[in-house]
Amino acid sequence: MCGIIGYIGLRKASEVLTEGLKRLEYRGYDSVGIAVVNNRQLEIKKDRGMVDEVSSALQFTTVEGNIGVGHTRWATNGVVCRENAHPHFNEKKTIVAVHNGVVENVSELRGMLEEKEYRFSSDTDSEIIPHLLEENHKTQPLLQAFMETAAQLKGSYAIVALSTEDTGERLLLARKNSPLIIGVGRGEMFCASDIPAMLPYTKTFVPLEEGDVAVLTRHGYKIFSPDGSEVERRQITVDWDAELAQKGGYPHFMLKEIFDQRHFINETIASDISSARQLIDEYEKIDVVACGTSYHAGMLLAYLLSEKGKISQAYIASDYQFIAKPGKKTLAIAISQSGETADVLQALRHAGDSRKIAITNTVGSTITRVSDETVYLNSGPEIGVAATKTFTSQLAIVSKLIYGKQRLEPLSGLIGKMLEKENQIKEIATGLAGKEHAFFIARGMNVPIAYEGSLKFKEITYIHSEAYPGGELKHGTLSLITEGVPVIALAPRDKALPKLFGNIKEVKARGGMVVSVTNDGEVEKESDYSVRIPEGLDPALYPFALVVPLQLLAYHVSVLKGINPDKPRNLAKSVTVE
Ligand code: AGP
């Protein structure tokens, strides 16, 4: 969702904030702003638009001062406009705050403040925060007032605030159901919604926990639990290179991340799964919860667990609370790249007393703290909003849990071979860029990959797309297959192929355009375009061979249509609202 950054130290804060916002932009990109204290005065610059465009138009980095906050927005309350952009401030412009999350009791609090003649200049819930802090500060010191402010907010928040009237220069932080991480420097401190924003300056981080309030000065930090007592939180160190969060010569993060898969897959398959595997062995009933792309990896996991004789089902996390009745005999497995997806965290709350396993890419994320065991994807930071390498890593963890490591050793080579098809896929993309609809079909264990291909495609090309097990077309969707309508068929040679081949013929008979990913000569003959997967491939690896061309296809259609695949409209990388 929104991206937050804060800095206090000796550097020019406006530069640190602007650089951090660029690295956080994947979290939201409809408006952006910074506030820096310069000679005890707040200088605030903000507007609608992307970081590059707004920061250069408003000359962010000309602002002097060594303490400040920044924010990149993904609108929840209030339209996209300058007034609604963060940072928000009080009327006297002495208190400023940035916020990620949703304040649910906004009407009540705003009513109370308006009665006291506070005037609001935006439609956001977030603007409550500086005014409420001002009101609370009338009767108590700033830190206590900030703690009371946080306690009065219902809903979710990550907040960074500061006051120019504060005697000791400091940043005030609070988190509840929205990530906020402290970056520990020497003679300087940082905070941000996510680690990549701080990577150029430090590798040591302290993720705040639910309900924590923290104070950052140039020289260190203090963390308090909701009852006001000081607490220790675990420091983590990451070995990610700051370059990993850069494009490294590729035109987009998404393309870089697709190509990165060759390397990171080896890190993933080295990940320790032993405790998770032991836990899985102990349970007969296993619920898998996840959203979006991660849900597709979850579908494969549930399918493979069922094949092993478990009672397993994958649930869309946001619906889990309405349809599932987990109990002590259920093991819950949550898959989430970010580890912060609100729907997944809600599903885990619904899982109650059940034991829980988290599969995530994000060290120290909330999902790891509410689970009994964690398996890390080790994919490195993923910046493109469309998940690519983390999906492949999720598939690899799922496969390792079921088959063990040895069968996965050819993966890096296989992915490399599929990436060599890029030029051919570019050509196919030209045939698809002008289409209005696309359909993805597969059978059996490859159905989740058809769903994933379709999601990736619609997400970044804005072309309507749907996915089905091939047999389902004739139960309705075939009415939409007319001359030239593209159907992407995932058709590796396996026991389901004869049936899928029948479905492909049904499409051809109606003039549909068939794009296949296959190792079968007959399927190739029926296809308008075909991408070949290697002969003699272990069927356990088919999902990996199939997904890479689909990622490249979505990417190239997106680029041909002039869309920025890293920042598709209306979407954000980490969805921290339900
Ligand atoms: C994937 O391309 C999407 N951006 C989205 O579906 C994503 O997978 C979903 O929001 C879940 O995120 P998570 O893995 O961080 O929980």
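**Figure 1. Cysteines without disulfides.** In this predicted model, the number of disulfides is 0. A disulfide would need two cysteine sulfur atoms within 2.5 Å. For cysteine 2, the closest cysteine sulfur belongs to cysteine 81 and is 14 Å away, so the gap is too far for a bond. Cysteine 291 is likewise in no disulfide, with the sulfur of cysteine 2 as the nearest cysteine sulfur, 18 Å away. Cysteine 2 has a relative accessibility of 7% and therefore counts as buried. Cysteine 291 has a relative accessibility of 22% and therefore counts as partly exposed.

**Figure 2. An edge-to-face pair of tyrosines.** A pair of aromatic rings is described by the distance of the centres and the angle of the planes. The structure has 5 aromatic pairs. One of them joins tyrosine 315 and tyrosine 320, whose ring centres are 4.9 Å apart. The planes of tyrosine 315 and tyrosine 320 meet at 65°, and the pair is edge-to-face. An angle over 60 degrees is what places a pair in that class. Tyrosine 315 is buried, and so is tyrosine 320.

**Figure 3. An aromatic cluster.** This view shows three residues, Tyr7, Phe190 and Tyr201. Together, Tyr7, Phe190 and Tyr201 make up one aromatic cluster.

**Figure 4. Lysines over phenylalanine rings.** Two lysine and phenylalanine pairs are shown, one formed by lysine 93 and phenylalanine 89, the other by lysine 389 and phenylalanine 264. Lysine 93 is placed over the face of phenylalanine 89, 5.5 Å from the ring centre. Lysine 389 is placed over the face of phenylalanine 264, and here the distance to the ring centre is 4.3 Å.

**Figure 5. Residues around the ligand.** There are 15 residues around the ligand. Those that come nearest are Ser294, Ser336, Gln337, Ser338 and Thr341.

**Figure 6. Polar contacts and burial of the ligand.** Contacts to oxygen atoms of the ligand are shown for three residues, glutamine 337, serine 338 and alanine 387. Glutamine 337 contributes a backbone N or O atom, which lies 2.7 Å from a ligand oxygen atom. Serine 338 instead contributes a polar side-chain atom, at 2.7 Å from an oxygen atom of the ligand. In alanine 387 a backbone N or O atom is 2.9 Å from an oxygen atom of the ligand. The ligand taken alone exposes 410 Å², and 91% of that is buried by the protein.

How values were computed:
Residues numbered from 1 in each chain as written. Predicted model: local features only at pLDDT ≥ 70, side-chain atom pairs only at ≥ 80, totals over all residues. Heavy atoms only, no water. Buried < 20%, exposed > 50% of the residue type's maximum accessible area, 1.4 Å probe, protein only. Phe/Tyr/Trp six-rings, centres within 6.5 Å; stacked < 30°, edge-to-face > 60°. Lys NZ or Arg CZ within 6 Å of the ring centre and 35° of its normal. Near = heavy atom within 4 Å. Polar contact = N/O pair within 3.5 Å; in protein donor to acceptor, adjacent residues only side chain to side chain. Areas by Shrake-Rupley, 256 points an atom, 1.4 Å probe, with all protein chains shown as cover.
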